[in-house]
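Subject: The structure, and what I found in it

Hi there,

Here is the structure I promised to pass on. Have it open while you read, and my notes should be easy to follow.

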Amino acid sequence: GPCTDCSCSSGKEPTKDPSHTKKKENGEQLLVPKIFFGTRTHKQIAQITRELKRTVYSSVPMTILSSRDYTCIHPVVSSSGGSRNEMCVELLEGKHGKSCAYYHSVHKLSEHHALQAAHGLYQAWDIEDLVSLGRKLRACPYFTARELMVGADIVFCPYNYLLDPQIRDSMDINLKGQVVILDEAHNIEDSARESVSYSVTESQLRAAREELDFMVNNSVRQKDHEPLRAVCCSLI
């Protein structure tokens, strides 16, 4: 039958509630689930958002979750060869007496998208669009994307954002009662394996063994450190 409850049937823009709740006829609250769309690569997200823009759902509030490698615009952090995550955290904590002005301007970027939605000008966008606008407004695209997730109906992200529990917690992703779509799901096994895998070098193992030797020799939690030292020795 016709989708009479859907905004596309009337040709009107959907009305959005940031809390994603609507009232039933009896006054009860009905939770409207988000759609989490997982892809293997960031490049595939760009392809999907282009297709979304061609549909009647192009005005649906959305966001794209991605790493700081793709969305950080801080001139020092983004051009650094080190860990952008660590440098970003240090700036936010003000460890060296400096902070990030781009982070404190997130509201400029998030409100810009909110205003677009309010006037029916909201169109599906890509990471590059958000970064470009972030540079123009001098506001952080990384934290803006996370803030937009609150009112988004569709959340695009790589597989590991949905599969890895640590990333889910850090990004405040709760999948209970939500809709999850995995594009090219035959790649899930490899992604799941990668999310619980870790690479170390021999020099790192030797350094760890030296530290564990120190702990054991100085009677610091020997029961915990001796088995770890044995693992390092066997791997070396």
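Below are my notes, going from the overall picture to the sheet, the aromatic residues, two backbone details and a pair of helices.

**Overall picture**

Please keep in mind that this is a predicted model. The chain's secondary structure comes to 13 helices and 6 strands. Of its 236 residues, 33% count as buried. If we take the contacts between residues at least 6 apart in sequence, 70% of them join residues at least 24 apart.

**The sheet**

Let's start with the strands. An open sheet is formed by 4 strands, in the order β4-β5-β3-β6, and the pairing is parallel. As a reminder, strands of a sheet pair through backbone hydrogen bonds, and they can do that in a parallel or an antiparallel way. The edges are taken by β4 (62-64) and β6 (179-182); each has a single partner strand, so one side of each is left without a neighbour in the sheet. On average, neighbouring strands here are turned by 20° against each other, direction ignored.

Strand β5 is a good place to look in more detail. Strand β3 (residues 35-39) is joined to β5 (residues 154-158) by 5 bridges, and the two run parallel. Along that pairing, I35 stands opposite I154, and F36 stands opposite V155. The parallel pairing of β4 with β5 has 3 bridges, and there I64 stands opposite F156.

How many residues of β5 are buried? The count is 5 of the 5, so β5 is largely enclosed by the rest of the structure. Their side chains are split between two directions: I154, F156 and P158 point one way from β5, while V155 and C157 point the other way, and all are buried. A helix belongs in this picture too: α2 (residues 42-53) lies across β3, β4 and β5, and runs at about 155° to β5.

**The aromatic residues**

Searching the whole structure turns up 3 aromatic pairs. In one of them, Y103 and F143 meet edge-to-face, at 4.8 Å centre to centre and with 75° between the planes. Y103 sits in the loop between α5 (84-93) and α6 (106-118), whereas F143 belongs to helix α8 (residues 141-148), so this pair ties together parts that are 40 residues apart in sequence.

F143 also pairs with Y142, again edge-to-face, at 4.9 Å centre to centre and with 90° between the planes. Taken together, Y103, Y142 and F143 form one aromatic cluster.

Which members of the cluster are buried, and which are partly exposed? F143 has a relative accessibility of 15% and counts as buried. Y142 counts as buried as well, at 8%. Y103 is partly exposed, with a relative accessible area of 33%.

**Two backbone details**

Most residues other than glycine have a negative phi. With that in mind, two residues are worth a look on your screen. Phi of R138 is near 55°, a positive value in a residue other than glycine. R138 lies in the loop between α7 (127-137) and α8. E184 also has a positive phi, near 50°, and is likewise a residue other than glycine. You will find E184 in the loop between β6 and α11 (188-195), where E184 is partly exposed, with a relative accessible area of 33%.

**A pair of helices**

Finally, please turn to helices α12 (residues 202-217) and α13 (residues 222-235). They pack at an angle of about 150°, with their axes 9 Å apart. α12 and α13 are therefore roughly antiparallel to each other, and the crossing of α12 past α13 is left-handed.

If you want to highlight the residues that make this contact, these are the two sets:

- From α12: L205, A208, R209, L212, D213, M215, V216 and N217.
- From α13: Q222, H225, E226, L228, R229, C232, C233 and L235.

That is everything I have for now. Do write back if any part is unclear.

Best wishes

Note on methods
Residues numbered from 1 in each chain as written. Predicted model: local features only at pLDDT ≥ 70, side-chain atom pairs only at ≥ 80, totals over all residues. Heavy atoms only, no water. Pairing = 2+ DSSP bridges. Axes fitted to C-alpha atoms, helices over the stretch in contact; angles between N-to-C directions. Contact = heavy atoms within 4.5 Å. Phe/Tyr/Trp six-rings, centres within 6.5 Å; stacked < 30°, edge-to-face > 60°. Buried < 20%, exposed > 50% of the residue type's maximum accessible area, 1.4 Å probe, protein only. Parallel < 35°, antiparallel > 145°, perpendicular 65-115°, else oblique. Left-handed = near helix turned anticlockwise from the far one by under 90°.
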